[in-house]
Amino acid sequence: MEKYYDIDDIITEEETVSVIFQKAASGVGIDPSSETDFVEVGSKVEVPFWLAHELQLRQAISVNVPTCFNQKTRLEIQADSACVDLRSRCPYFYEFGCKIASTVGDRTIGFLLLSAFKSRYKEVLTKAHTAALTATSRFSMILTKEETSLYEAAQSSMAAFKKWRMGGPRFQRASVLGRKRKSTD
Amino acid sequence: MAGQSNPNLSLFSAEELEFVAEDEIVEIIPNLRMEPLNLICGDFGPFFPQIVTQVPLWLAVALKKRGKCSIRSPEWMSVEKLTQVLEAERDSQEMSDQLPFHYVEISRLLFDHARDDIPDAYMVRSLIEDIRDVRFHKVESDLEAFSGRTVAVKIKNLSAMEVNIVRPFIGRALQAFFKHDSPELIPDPERVADRRQQVPNSAPRRHLRR
């Protein structure tokens, strides 16, 4: 519960996963394709992760591996991880991966995340500190949330340094100083 | 102002580092007669015209602004010395230890306030820029070595400004690596090395057990 107030964590858990119901459920409107408020056994429904996780603990459903961790994405990441647009697939790719790995029980997701991050990290490192802002805006479009924070940390510290080096006014006049004092009597 | 606006991002801003660097000692040639100054950080002076004395950089800058002294350019800020350093930096992978910890800040302060006291100022400035670029490139290539179970990376003789620039990035990168390489996600450390080696390795092992 240490991340209860973490907005990123909340958004991560909103990510939908496709699940197959193992038990029938009535009185719930989570299956938009069904006409009644009744979910049959074996029906395939997209639910947010937080719900899927709870339902799975009660063994009501089985969770499928989400599309952003399927074989096709894996092959793309193995081929050239730096160019894969992970943001459009899942902006919280790594956080979601950590969560889904234990739910789905897929050990290989951990490896996938690590190897993807390792190679994409190098790309972020070289681009963040050197390239100009305009040239890299296209690159930053394909980064996930976590990579973006890394990228922006590097860029802003570099930008702050460059600003300092270029100079400019060393002392900023406090806004209070300019004002005239009101007479108190 | 990275440090002030966002406390998580970086410990110091460039301005704060500059403030810290102002405590470095420089030599000045005063042109006034003055009693010694007894400050908390030490006693400076007495000051006699044309007699070289040592003062902190902030005092030197303050006197210089009032036209009361000229600052002696530090020994390392000469064209010959800097050319040497630049060559040393280009030749080896190691960072050279010949520049002071605050070389970026000191040089900027001197260029801003005492440009006329530095011989070959233009050349010195471009040399320092070159050295900084070469050194920063080395830092980047050192950081590329980060991978799964990195707990620390050793980079010798990093200067204050250089370490301040990469600090937020390194912190976050190490955190992310730590998270993705946690034993919960990847149970067997031996398998981390290479996924492809897994298959040939596991086959003979099973053989032995039979």
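In which sense, and over how many bridges, do strand β1 (residues 16-21) of chain A and β4(A) pair? In this predicted model, the two strands pair in the antiparallel sense, over 5 bridges. Within this pairing, A:I20 stands opposite A:K44, a residue of β4(A). The two strands belong to an open sheet of 3 strands in chain A, which has the order β4-β1-β5 and antiparallel pairing. Because β4 (44-48) and β5 (61-63) of chain A each have a single partner strand, they stand at the edges, and one side of each is left without a neighbour in the sheet. From one strand to the next, the twist averages 40°. Helix α2 (residues 49-57) of chain A lies across β1, β4 and β5 of that chain, and its direction makes an angle of about 115° with β4(A).

The largest nonpolar core comprises 93 residues, and those with the most contacts inside it are A:F69, A:F93, A:Y121 and B:L143. Helix α6 (residues 108-130) of chain A supplies the largest share of this core, with 10 residues. In soluble globular proteins, nonpolar side chains tend to be buried together. When residues up to four places away in sequence are not counted, A:F93 touches A:C68, A:F69, A:I77, A:L86, A:L112, A:L113 and A:T144.

A search of the whole structure finds 0 disulfides over all chains, and two cysteines illustrate this result. A:C68, one of the residues touched by A:F93, is buried because its relative accessibility is 5%, under the 20% limit. The cysteine sulfur closest to that of A:C68 belongs to A:C90 and is 4.4 Å away, which is too far for a bond because a disulfide requires sulfur atoms within 2.5 Å. B:C69 is likewise buried, with a relative accessible area of 5%, but the sulfur closest to its own, in B:C41, is 16 Å away and therefore too far for a bond.

Chain B contains 9 helices and 5 strands, and from the N terminus on its elements run α-α-β-β-β-β-α-β-α-α-α-α-α-α. Of the 210 residues in chain B, 42% are buried. Among the contacts in this chain with a separation of 6 or more, 65% are between residues 24 or more positions apart. According to an unreviewed UniProt entry, residues 14-71 of chain B are covered by the annotation "domain: DNA replication complex GINS protein PSF2 N-terminal". This span is 29% helix and 33% strand, and its end C-alpha atoms lie 23 Å apart.

Helix α3 (residues 57-65) of chain B has B:L57, B:L59, B:A60, B:V61, B:L63 and B:K64 as buried residues. The buried residues of α3(B) pack against helices α2 (14-21) and α5 (103-113) of chain B, and also against strands β1 (25-30), β2 (37-39), β4 (53-56) and β5 (69-72) of that chain. Just after α3(B), B:G67 takes a positive phi of about 70°.

A further buried position in chain B is occupied by an arginine, B:R132, which is found in helix α6 (residues 121-143) of that chain and counts as buried because its relative accessibility is 7%, under the 20% limit. With residues up to four places away in sequence not counted, B:R132 touches A:F161 and A:R165 in chain A, as well as B:Y103 and B:V104 in chain B.

Note on methods
Residues numbered from 1 in each chain as written. Chains lettered and ligands numbered in written order. Predicted model: local features only at pLDDT ≥ 70, side-chain atom pairs only at ≥ 80, totals over all residues. Heavy atoms only, no water. Core = buried A, V, L, I, M, F, W, Y, C linked by side-chain atoms within 4.5 Å. Buried < 20%, exposed > 50% of the residue type's maximum accessible area, 1.4 Å probe, protein only. Helix = DSSP H or I, 4+ residues; strand = E, 2+ residues; numbered from the N terminus. Contact = heavy atoms within 4.5 Å. UniProt positions renumbered as here; feature names shortened; annotations may be inferred. Pairing = 2+ DSSP bridges. Axes fitted to C-alpha atoms, helices over the stretch in contact; angles between N-to-C directions.
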